Amino acid sequence: MADELKLYTTPGSTFAFRVELALILKGINYKIVEENTKNKSADLLKYNPVHKQVPVLVHNGNPISESLVIVEYIDDVWKGYPILPQDPYEKSVVRFWARFIDSTCIPAIFKVFGSNGAEQAIAKACEQLQVVENKLAVEGNKFFGGDNINLIDIAASFIAYWLGTLEEATEIKFVTKDKFPRITEWADNFLKVEVVKDVLPPRVIPPKAQVLAFFKQKFGDS
């Protein structure tokens, strides 16, 4: 019996994008189930009762939540394109950097928009991004995965695509080519990958007030 795969997502979700990219890199067929964030389905609440949010991948009736956990699950279950290395040490290094970007860099970026570009928030985000910049500069590779994208590139996809959209929408620009030349070069290379271009949603610039209000509610200081 063929695998049944359903991906619960919302249009334009940066986190669900990670999962879709992994599925397409592996050449796996799947079904999209679109969710309404204001009226979540009973299935989504059943499959992700803790966070009650997308993405959720349901594989033969078994739900997996959290985007990077799902991507690692996909790499474990299906052969083909390697998203993580096989060597245990190298795998642990990739996991570390993916989680650093996911749990440290991206929340710091969200704080910038949540604070309407507060100087302290920008400084903190730039401090974290400089760590990533240094890694790229030292290794000198096209991607975090070398010549091909890996889990770190997938984790950092928000920086490559959605960050620029938010900067344009809010007029808060802090990631520049002069300040972060290697991140900028990496992002350009990442966005030129055909499979990435196939999965990315259309670029839409939302109203400034709407973006700032959203991030203030979610990530602003209480």
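**Exercise 1.** In this predicted model, find which residue of E2 stands opposite Thr-9, then work out how E1 and E2 run and how many bridges join them.

*Solution.* Start at Thr-9: across from this residue, in E2, you'll find Glu-34. Next, look at the two strands as a pair. E1 covers residues 5–9, and four bridges join E1 to E2. The two strands run parallel.

**Exercise 2.** Work out the strand order of the open sheet and say which strands stand at the edges.

*Solution.* Lay out the four strands: the order is E2-E1-E3-E4, with mixed pairing. Now check the ends. E2 (31–34) and E4 (62–65) each have a single partner strand, so one side of each has no neighbour in the sheet. From one strand to the next, the twist averages 25°. Then add the helices: H1 (residues 14–26) lies across E1, E2 and E3, at about 155° to E1. H3 (residues 67–77) lies across E3 and E4, at about 125° to E4.

**Exercise 3.** Describe how H7 and H10 cross, and sort the residues of their contact.

*Solution.* Two packed helices are described by an angle and a distance between their axes. Here, the axes of H7 (residues 157–170) and H10 (residues 208–219) come within 8 Å and cross at roughly 115°. The crossing is left-handed. H7 brings Leu-166, Ala-169 and Thr-170 to the contact, while H10 brings Lys-208, Val-211, Leu-212 and Phe-215. Sort them and you get five nonpolar, one polar and one charged.

**Exercise 4.** Decide how Pro-107 should be classed by accessibility.

*Solution.* First place Pro-107: this residue is in H4 (residues 88–114). Its relative accessibility is 32%, so Pro-107 counts as partly exposed.

Definitions and conventions:
Residues are numbered from 1 along each chain as its sequence is written. This is a predicted model: local features need pLDDT of at least 70, side-chain atom pairs count only at pLDDT 80 or more; totals for chains, interfaces and linings use all residues. Side-chain values use heavy atoms; hydrogens and water are left out. Axes are lines fitted to C-alpha atoms, for helices over the stretch in contact, and angles run from 0 to 180 degrees between N-to-C directions. A crossing is left-handed if the near helix is turned anticlockwise from the far one by less than a right angle, and right-handed if clockwise. Contact means heavy atoms within 4.5 Å. Ala, Val, Leu, Ile, Met, Phe, Trp, Tyr, Cys and Pro count as nonpolar, Asp, Glu, Lys and Arg as charged, and the others, Gly among them, as polar. Buried means under 20% relative accessible area, exposed over 50%, partly exposed in between (1.4 Å probe, protein chains only). Two strands pair if DSSP finds at least two bridges between them.
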